[in-house]
Amino acid sequence: NRIQWFDPAHEREAQEHRMMLEQLEEALRLQQFVLFYQPKVNLRSGAVVGMEALIRWQHPQRGLLAPAAFLSFIEGSELENRFGQFVLQTGIAQAADWLSQGIRLQVGINISASHLLQEDFAGQLTGLLQQWPALTPDQIELEILESTAIQDLAAARQALLRCQALGVRFALDDFGTGYSSLTYLRQLP
């Protein structure tokens, strides 16, 4: 007593998505992802005041791939938090390395909503910061998408407060591209 539709195009898309997730998992295991750092410049003085960590995939056949080529595949998957942990750990390690060379820069690191809203995110962040004690937490700025920040406002607020207690800074990325009102955004610390 039911009808079931089969759409070959939809099935093909689902198979391609699964295959891409498998390739991404393998690439993460083989350490094919790298972070590039885009300078943040004070427009008045021209001084470089920080860097933003941007992930790239050094694909063995297709060359260097921008995030648009692969990040949409990991959204909502088990890989999303593993990628987030990789970016967070690598960005913090780079900030500490620059500091050891006498270069004190704030490093902006993009994080996803699901990664931020993990129950132990602040604990993981604490552990990473303790690995490099010379690095001060205010040298790390976690960037979250404006649209991400309001999906679960109460949980996001609590996660932000826990991380701010560590001394880590936050920024809204792509501000103005979402549909959030300033009333909602004012509730974020």
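# Close-ups of a predicted fold

**View 1. Val-107 of strand E4 has Ile-140 in strand E5 as its bridge partner.** This is a predicted model, and the first stop is strand E4, residues 106-110. E4 and E5 (residues 140-145) run parallel, with 4 bridges joining them. There is also strand E2 (residues 48-59) to look at: E2 and E4 pair in the parallel sense, again over 4 bridges. To find that pairing in the model, look for Gly-50, which stands opposite Gln-106 in E4. How many of the 5 residues of E4 are buried? The count is 4, so the strand is largely enclosed by the rest of the structure.

**View 2. Glu-143 is a buried residue, with 5% relative accessibility.** Its place is in strand E5. With buried meaning under 20% relative accessible area, the 5% of Glu-143 puts this residue in the buried class. Which side chain does Glu-143 meet in a polar contact? That would be Lys-40, at 3.2 Å from side chain to side chain. Leaving aside residues up to four places away in sequence, Glu-143 also touches Glu-52, Gly-108, Ile-109, Asn-110, Ile-111, Ala-171 and Asp-173.

**View 3. Helix H1 covers residues 8-29 and has one buried face.** From first C-alpha to last, the 22 residues of H1 reach 32 Å, close to the 32 Å expected at 1.5 Å a residue. Buried residues in H1 are Met-20, Leu-24, Ala-27 and Leu-28. Seen down the helix axis, the buried residues of H1 fall within an arc of 90°, so they line one face. What covers them? The list includes strand E1 (33-41), E2, helix H2 (71-74) and helix H3 (79-100). Swing over to the other side of H1 and you meet Glu-22 and Arg-29, which are exposed.

**View 4. Gln-31, just after H1, has a positive phi.** Gln-31 sits in the loop between H1 and E1. Its phi is near 60°, a positive value in a residue other than glycine. As a general rule, most residues other than glycine have a negative phi. Is Gln-31 buried or exposed? Exposed, at 69% relative accessibility.

**View 5. Helix H3 carries a long list of buried residues, Leu-79 and Trp-98 among them.** The rest of that list is Glu-80, Phe-83, Gly-84, Val-87, Leu-88, Gly-91, Ile-92, Ala-95 and Ala-96. As for its span, the 22 residues of H3 should cover 32 Å at 1.5 Å a residue, and the end C-alpha atoms are 31 Å apart, which agrees. H3 is followed by Gly-102, where phi is positive and near 85°. H3 is also part of what covers the buried residues of H1.

**View 6. Trp-57 and Phe-70 form an edge-to-face aromatic pair.** The structure holds 5 aromatic pairs, and this is one of them. Generally speaking, a pair of aromatic rings is described by the distance of the centres and the angle of the planes. For Trp-57 and Phe-70 those are 5.8 Å centre to centre and 85° between the planes. Trp-57 lies in strand E2 and Phe-70 in the loop between strand E3 (63-65) and H2, so the pair ties together parts that are 13 residues apart in sequence. Trp-57 is buried, with a relative accessible area of 1%, and Phe-70 is buried too, at 0%. Both belong to one aromatic cluster, together with Phe-33 and Phe-83. Phe-83 is the one you have already met among the buried residues of H3.

**View 7. Arg-157 in helix H7 has its C-alpha 5.5 Å from that of Leu-188.** Along the chain, these two residues are 31 residues apart. H7 spans residues 153-166. At 35% relative accessibility, Arg-157 counts as partly exposed.

**View 8. Zooming out, the chain has 8 helices and 6 strands.** Starting from the N terminus, the elements run α-β-β-β-α-α-β-α-α-β-α-α-β-α. Of the 189 residues, 35% count as buried. Among the contacts with a separation of 6 or more, 71% come from residues 24 or more positions apart.

Note on methods. Residues are numbered from 1 along each chain as its sequence is written. This is a predicted model: local features need pLDDT of at least 70, side-chain atom pairs count only at pLDDT 80 or more; totals for chains, interfaces and linings use all residues. Side-chain values use heavy atoms; hydrogens and water are left out. Buried means under 20% relative accessible area, exposed over 50%, partly exposed in between (1.4 Å probe, protein chains only). Helices (H or I, at least four residues) and strands (E, at least two) are DSSP runs, numbered from the N terminus. Two strands pair if DSSP finds at least two bridges between them. The expected span of a helix is 1.5 Å times one less than its number of residues. The arc is that of the directions from the helix axis to the C-beta atoms. Contact means heavy atoms within 4.5 Å. Rings of Phe, Tyr and Trp (its six-membered ring) pair if their centres lie within 6.5 Å; planes under 30 degrees apart count as stacked, over 60 as edge-to-face and the rest as tilted. A polar contact is a pair of N or O atoms within 3.5 Å; within protein, one must be able to donate a hydrogen and the other to accept it, and residues adjacent in sequence count only if both atoms are side-chain atoms.
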